[in-house]
Amino acid sequence: MMNMKKNSDIIISPSILSCDFSNIESELKKIEKTNAKWIHLDIMDGHFVPNITFGAPLIKCIRKKTNLFFDAHLMIENPQKYIESFAYVGCDLINFHYEATLDNTKNVIELIRKLNKKVGISIKPKTCVKEIEKYFNDVDMVLIMTVEPGFSGQKFMDFCIPKIEYVRKYAKENILIQVDGGINLETQKQAKDAGANVLVSGDYIFKAPNINIAVNNLL
Ligand code: DX5
Ligand code: ZN
């Protein structure tokens, strides 16, 4: 059955961190049948965040299984050392944390651009959005984290909402504003009202009784 289109301006990026890793291929096929066009890949190194997930070898394998847009969220130290490998295995957008680059931020943005990938910059809940304002025109997407990065299933931190509003007010018109962490039926509305147009969701989608309905509820 075709899915009803709801809001074509909103992009849903389900996070495979919440999927059944023993059946990744079938989980990806389930997402392909929904109105989500992206898949969010949470890459964690056990240093930048207190958890370890997966890296380029796994992405290389799943790249062969799906044409979904690969939205890579690098929660790693020294992202510049690994960006080329993530580009090489087929990530479409490479999103790094500002806190992991600081003085090196401009070079990291240029590196991702040179590799012909979309560029995202992320900030953790306690980082002030004004610190990344000077990069608003250099990136395709700003990610405002609404949980401390590291784990799925955490509670949405609504004190981050003014940061979404700030990016929507001061960044270029076509900027993508992504929100990641604790998105559900209630919080998606707060995020969208503030100006977000890319919603990441782990548990709300993958733990739902019906993935199609869950995705549509966020559109
Ligand atoms: C957290 C990750 C998120 C997480 C979202 O560090 O970056 O992408 O998987 O999961 P939920 O939607 O369950 O908060
Ligand atoms: Zn994420």
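**Exercise 1.** In this predicted model, state in which loop Asn78 is found, and decide whether Asn78 is buried or exposed, or in between.

*Solution.*
Step 1. Asn78 is found in the loop that runs between β3 (69-75) and α3 (83-88).
Step 2. The relative accessible area of Asn78 is 37%. Buried requires under 20% and exposed over 50%, so Asn78 counts as partly exposed.
Step 3. Look at the backbone of Asn78: its phi is positive, about 50°, although the residue is not a glycine. Most residues other than glycine have a negative phi.

**Exercise 2.** Repeat the analysis for Leu102: what is its place, and what is its relative accessible area?

*Solution.*
Step 1. Leu102 lies in the loop between β4 (93-97) and α4 (105-114).
Step 2. With a relative accessible area of 42%, Leu102 is partly exposed.
Step 3. Leu102 is not a glycine, yet it has a positive phi of about 45°.

**Exercise 3.** Give the strand order of the open sheet and find its edge strands.

*Solution.*
Step 1. The order of the eight strands is β1-β8-β7-β6-β5-β4-β3-β2, with parallel pairing.
Step 2. β1 (11-14) and β2 (38-44) each pair on one side only, which makes them the edge strands.
Step 3. On average, neighbouring strands of this sheet are turned by 20° against each other, direction ignored.

**Exercise 4.** Describe how β6 pairs with β7, and name the bridge partner of Val142 in β7.

*Solution.*
Step 1. β6 covers residues 141-145 and β7 covers residues 176-180.
Step 2. The two strands pair in the parallel sense over five bridges.
Step 3. The bridge partner of Val142 in β7 is Ile177.

How values were computed. Residues are numbered from 1 along each chain as its sequence is written. Chains are lettered from A and ligands numbered from 1 in the order in which they are written. This is a predicted model: local features need pLDDT of at least 70, side-chain atom pairs count only at pLDDT 80 or more; totals for chains, interfaces and linings use all residues. Side-chain values use heavy atoms; hydrogens and water are left out. Helices (H or I, at least four residues) and strands (E, at least two) are DSSP runs, numbered from the N terminus. Buried means under 20% relative accessible area, exposed over 50%, partly exposed in between (1.4 Å probe, protein chains only). Two strands pair if DSSP finds at least two bridges between them. Axes are lines fitted to C-alpha atoms, for helices over the stretch in contact, and angles run from 0 to 180 degrees between N-to-C directions.
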